[in-house]
Amino acid sequence: MKIRIIFIVVVVLALLAGVPWYGSASIVQFGIDALLTATLAQGWNLIGGYAGYPSFGNSVFYGLGTYGTAIAMAQFGLPFWAGLVVGGILAVLCALLLGIPILRLRGPYFAIATLGLAAAMGAVIANLGIAGRNNGLILPLFRGDALFYELALGLLALTTLMIYLVSESRFGAGLIAIRENEDAAAVMGVNTTLYKVMALALSGFVSALAGGIHAYWITFIDPGSAFDATLNVKMVIMAVFGGPGTVLGPIIGAFLLSAISEVLAAKISTVAGLFFGGVIVLAVVFMPKGLIDVGYGVRRLGLSYFVQNIRQNRL
Amino acid sequence: MSAVLLEIAGLVAGYGEAPVLSDVGLRVDRGEIVTLVGSNGAGKTTLLRAISRTVNAAGTLRFDGHDLSHLTPERVFDLGLVQVPEGRQLFDRMSVEDNLRMGAYRRRDRQGVAQSFDYVYRLFPRLKERRRQIAGSMSGGEQQMCAIGRALMAAPKLLVVDEMSLGLAPVVVDQLLAVLSEVRSQGVTVLLVEQDVFAAFEIADRGYVMETGRIIREGAVAELAEDAEVRRAYLGV
């Protein structure tokens, strides 16, 4: 069983890694975008899916990653990898500093507090000279979509591996306990503050790396695009659509929704948003645990799986 | 090894500016069942929070030879001071077995954990029958069994049970009390915090009566049950 799973993972990875050789340029570009968004969804999965803290501040970490990389490269002439390190460190510091006070809040209060962060951080950056204020920064041009594609794929693979290891670990069990009943977790000796902050920091770190890769790829960043709250909404939707708190759910959600929105935007751009929104509403009503749970649920209960979900939603 | 397991003296604690406990003293010896009774708002829960180090307190706080006053809640837990919290606080969407497993969260001895599973299932055969069931779907009594079982999975030295009888039928409370007696006979000391004085006095050796943040009476339960003040206030006779 285990060997079969490893075999499947290797084959899928090899197929994905080969895309720049047999895919068209536009498919590679779509791939970079989808892989980076999937990484963001996967990063959100850790704090939102496993620990149950619906963060709307992950776009801040993404933004810090883009700016860390951009400042290091454009202002100090440092190499790309150093930029990634700078961005990653900035995001982790931010997660530690903000996480300790904000993670004391629960449920909607936590979500609202984090929601304010993206706007505030964007305003801070827009007034920093070193960050190019409102004009943004231009990074050195590097043409090589294939390389960016492989980088994004590697990051997603490592992030997913990390999520898998966490899900199998004591740390992961602690996060799930926090999600299910934080008071009980504390009574059972889980150091809830430490775990939540660690989850946020890890989540911020991978988001920042995705931001750094995206910045170098797109070569131009400004506060509006780097600290975009809708990006955060996208992460949440993708993770929830695919299956929050699962290892593969957020990836499936991200790929599927990226593909749907790409096709829709090309064919019928005006009603695309409407259709997209509709899909999400239906998904949340009929499969609140995400796509990944549907296969299992339908096999167990048949179509009454959907009825049960509606009942649990108390509609 | 000293006979005293938990020793509290001159304890002052509260939230913000408002002191809740003043000069509280309490002692639990190894192998005892001690009960702490008092009405709503007497400060029982605050005292438990001070013991588990989730609220700051000044005064003497010693457990099993360790000074607790500077330890984190996790360290206190590691020393073997484990709570069955008020309202049970189960992981409602998890199975009974997973709830029990969470009790052993900080233990690393696989064999010991397996033994604790056997022990808990022998103590509560009902939990064994229902080990795959979702904890939140069980009856109140079964949930309380699960909460006690979960705490026992941590291999405690002192089991602190907070408001066990709340909302349970008297017959279920009697069953649970019998289990606590059995747990004690196997070497686990019990501190039972209760509003239901009748229930608590049935199995306890000694008792403390708390009122507005102070201990107003202490002694063997037989004496307390005869005490005119206690009878008037709590036994309604």
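A crossing of two helices is called right-handed if the near helix is turned clockwise from the far one by less than a right angle. With that in hand, here are some close-up views of this predicted model.

**View 1. Helices α4 and α5 of chain A make a right-handed crossing.** Helix α4(A) covers residues 58-75 and helix α5(A) covers residues 80-102. Their axes come within 7 Å and cross at roughly 140°. From α4(A), the residues that meet the partner helix are Val60(A), Phe61(A), Leu64(A), Gly65(A), Gly68(A), Thr69(A), Ala72(A) and Met73(A). Facing them in α5(A) you will find Phe80(A), Gly83(A), Leu84(A), Val86(A), Gly87(A), Leu90(A), Ala91(A), Cys94(A) and Ala95(A). The residues of this contact divide into 12 nonpolar and five polar, with no charged ones.

**View 2. Helices α3 and α13 of chain A meet at an oblique angle.** Here residues 25-50 form α3(A) and residues 249-267 form α13(A). The two axes come within 8 Å and cross at roughly 140°. Angles over 145 degrees count as roughly antiparallel and those of 65 to 115 as roughly perpendicular, so α3(A) and α13(A) are oblique to each other. The crossing of α3(A) past α13(A) is right-handed. On the α3(A) side, the contact is made by Phe30(A), Ala34(A), Leu35(A), Thr37(A), Ala38(A), Ala41(A), Gln42(A) and Asn45(A). On the α13(A) side, Pro250(A), Ile251(A), Ala254(A), Phe255(A), Ser258(A), Ala259(A) and Glu262(A) take part. Sorted by character, the residues of this contact come to 10 nonpolar, four polar and one charged.

**View 3. Four aromatic residues of chain A form one cluster.** The members are Phe80(A), Phe142(A), Phe148(A) and Tyr216(A). Over all chains, the structure holds 10 aromatic pairs. In one of them, the ring centres of Phe142(A) and Phe148(A) are 5.9 Å apart and the ring planes stand at 85°, so this pair is edge-to-face. Phe148(A) is buried, with a relative accessible area of 0%, while Phe142(A) is partly exposed at 32%. You may recognise Phe80(A) from the first view, where this residue of α5(A) takes part in the contact with α4(A).

**View 4. Val84 of chain B is a buried strand residue.** Val84(B) belongs to strand β6(B), which covers residues 81-84. Its relative accessible area is 0%. Leaving aside residues up to four places away in sequence, Val84(B) touches Gln144(B), Ala147(B), Ile148(B), Ala151(B), Leu159(B), Val160(B), Val161(B) and Asp162(B). Between Val84(B) and Glu202(B), 118 residues apart in sequence, the C-alpha atoms are 19 Å apart.

**View 5. Asp23 and Asp64 of chain B each have a positive phi.** For Asp23(B), phi is near 50°. This residue sits in strand β2(B), residues 18-29, and counts as exposed at 57% relative accessibility. Phi of Asp64(B) is also near 50°. Asp64(B) lies in the loop between β4 (57-63) and β5 (66-67) of chain B. Since buried means under 20% relative accessible area, Asp64(B), at 19%, counts as buried.

**View 6. Glu182 of chain B lies in helix α7.** The helix covers residues 170-185. Glu182(B) is partly exposed, with a relative accessible area of 39%. Its C-alpha atom is separated by 8.4 Å from that of Leu123(B), a residue 59 positions away along the chain.

Notes
Residues numbered from 1 in each chain as written. Chains lettered and ligands numbered in written order. Predicted model: local features only at pLDDT ≥ 70, side-chain atom pairs only at ≥ 80, totals over all residues. Heavy atoms only, no water. Axes fitted to C-alpha atoms, helices over the stretch in contact; angles between N-to-C directions. Helix = DSSP H or I, 4+ residues; strand = E, 2+ residues; numbered from the N terminus. Parallel < 35°, antiparallel > 145°, perpendicular 65-115°, else oblique. Contact = heavy atoms within 4.5 Å. Nonpolar A, V, L, I, M, F, W, Y, C, P; charged D, E, K, R; others polar. Phe/Tyr/Trp six-rings, centres within 6.5 Å; stacked < 30°, edge-to-face > 60°. Buried < 20%, exposed > 50% of the residue type's maximum accessible area, 1.4 Å probe, protein only.
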